[in-house]
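User: I'd like to go through this model with you before I set anything up. Could you start with how the elements are assigned?

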Amino acid sequence: HQPQKIAAMEANWNTGAHVPLVLFALPDEAAKENRIELAIPDGASVILRHSTSGVVPGLNDYPGNHPPVFPVFWGFRVMVGTGILMLIVSWSAAFFLKRRRSLPKPLALIMVPMALSGWLATLAGWYTTEIGRQPWLVTGILKTADAVGPVAGSHVALTLAVYLILYVLLLIAYLGVLVHLALKAAKEGDTSPLPGVMNAAMSQPAAGE
Ligand code: HEM
């Protein structure tokens, strides 16, 4: 139960009923308000309390005890926005492949950066969860600052550096395999929308035919 986190995710400053669902905003932590706001009236009360008069907790109930609002608010929106984009792109692609058996070029081009969408949404979701629970490690019981271990900063830096090197090597290997597969498909003249998968599936007679 992390009321500060949901208040930060929704950029809701004041506890009360009839709380709007803030779609987009520029939360201003110093002024304790949203500078620009696009919101659906009563939306947060309905979603979180199932009633337009439902009372939703606000950040001002937790002075000095809530997470930084901007990264949590926007981390959540990047995650949800990417998820919605994934649905739109994949469902449109499925539609075109079924009806026309090919992808329109703009959609095929959009799919290239969408290769990173899972990574982006996962990172944004993780930021939402981890930054959102600050300053608590266990909400109401143990603060992050009180749980810092005796491990030296240099040890942490060394471990981080080893992880980074390992992941850079894995990234290089991953990109190498992708380029290798793409060049192989191009050389063999395979121009199917999903090489080797969709064409094979579409040209196979159904079982029993
Ligand atoms: C499409 C609409 C989506 C909604 C409504 C949604 C909602 C949520 C919510 C409510 C949380 C928990 C936040 C918290 O209380 O700590 C969360 C966490 C998370 N989400 Fe999403 N999400 C969506 C899409 C995605 C997508 C597409 C991905 C990844 C491909 C993703 C990855 C994550 C991850 C990794 C976490 C953190 C989990 C953890 O560390 O416990 N989400 N999401």
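Analyst: Helices and strands are DSSP runs, helices being H or I over at least four residues and strands E over at least two, and both are numbered from the N terminus. The model is a predicted one, in which local features need pLDDT of at least 70 and side-chain atom pairs count only at pLDDT 80 or more, while totals for chains, interfaces and linings use all residues. Residues are numbered from 1 along each chain as its sequence is written, and side-chain values use heavy atoms, with hydrogens and water left out.

User: OK, where is P135 found?

Analyst: P135 sits in the loop between α5 and β3, the latter covering 136-138. The peptide bond that leads from Q134 to P135 is cis, and its omega is near 5°. As background, most peptide bonds are trans, and most residues other than glycine have a negative phi.

User: Which residues that are not glycine have a positive phi?

Analyst: Among them are A11, with a phi of about 50°, and H50, with a phi of about 60°. A11 belongs to the loop between α1 and β1, whereas H50 belongs to the loop between α2 (43-49) and α3.

User: And is H50 buried or exposed?

Analyst: H50 counts as exposed at 69% relative accessibility, while A11 counts as buried at 2%. Here buried means under 20% relative accessible area, exposed over 50% and partly exposed in between, computed with a 1.4 Å probe on protein chains only.

User: Let's switch to the ligand. Which residues are around it?

Analyst: The residues around the ligand, taken as those with a heavy atom within 4 Å of it, are K5, F76, M79, V80, G83, M86, G118, A121, T122, G125, W126 and T129. The elements that give two or more residues to this shell are α3 (69-99) and α5 (117-132), and α5 gives the most, with six residues.

User: What is the chemical make-up of that shell?

Analyst: The shell divides into six nonpolar residues, five polar and one charged. In that scheme Ala, Val, Leu, Ile, Met, Phe, Trp, Tyr, Cys and Pro count as nonpolar, Asp, Glu, Lys and Arg as charged, and the others, Gly among them, as polar.

User: Which side chains have polar atoms that lie close to a ligand oxygen?

Analyst: An N or O atom in the side chain of K5 is 2.6 Å from an oxygen atom of the ligand, and for T129 a polar side-chain atom lies 2.9 Å from a ligand oxygen.

User: What about the iron atom, what donor does it have from the protein?

Analyst: The iron atom of the ligand has a single protein donor, the SD atom of M79, which is 2.2 Å away, and M79 is placed in helix α3. Donors are N, O and S atoms within 2.8 Å of the metal (3.2 Å for Na, K and Ca), and water is not among the atoms, so sites may look incomplete.

User: Good to know. How many salt bridges does a search of the whole structure find?

Analyst: The search finds three, a salt bridge being a side-chain nitrogen of Lys or Arg within 4 Å of a carboxyl oxygen of Asp or Glu. R77 pairs with E10, with the closest N and O atoms 3.9 Å apart. Because R77 lies in helix α3 and E10 in the loop between α1 (3-9) and β1 (21-28), the pair ties together parts that are 67 residues apart in sequence. Both R77 and E10 are buried.

User: And the other pairs?

Analyst: D28 and R35 meet in a salt bridge at 3.4 Å, N to O, and so do R133 and E130 at 2.2 Å. D28 is buried at 18% relative accessible area, but R35 counts as exposed at 59%. R133 counts as buried at 18%, and E130 is partly exposed at 28%.

User: Does D28 have its place in a helix or a strand?

Analyst: D28 is in strand β1, and its side chain also reaches the backbone nitrogen of A30 at 3.1 Å. Such a polar contact is a pair of N or O atoms within 3.5 Å; within protein, one must be able to donate a hydrogen and the other to accept it, and residues adjacent in sequence count only if both atoms are side-chain atoms.

User: Last one, what span should helix α6 have?

Analyst: The 35 residues of α6 (residues 153-187) should span 51 Å, and the end C-alpha atoms are 51 Å apart, which agrees. The expected span is 1.5 Å times one less than the number of residues. α6 is followed by G189, whose phi is positive, near 70°.
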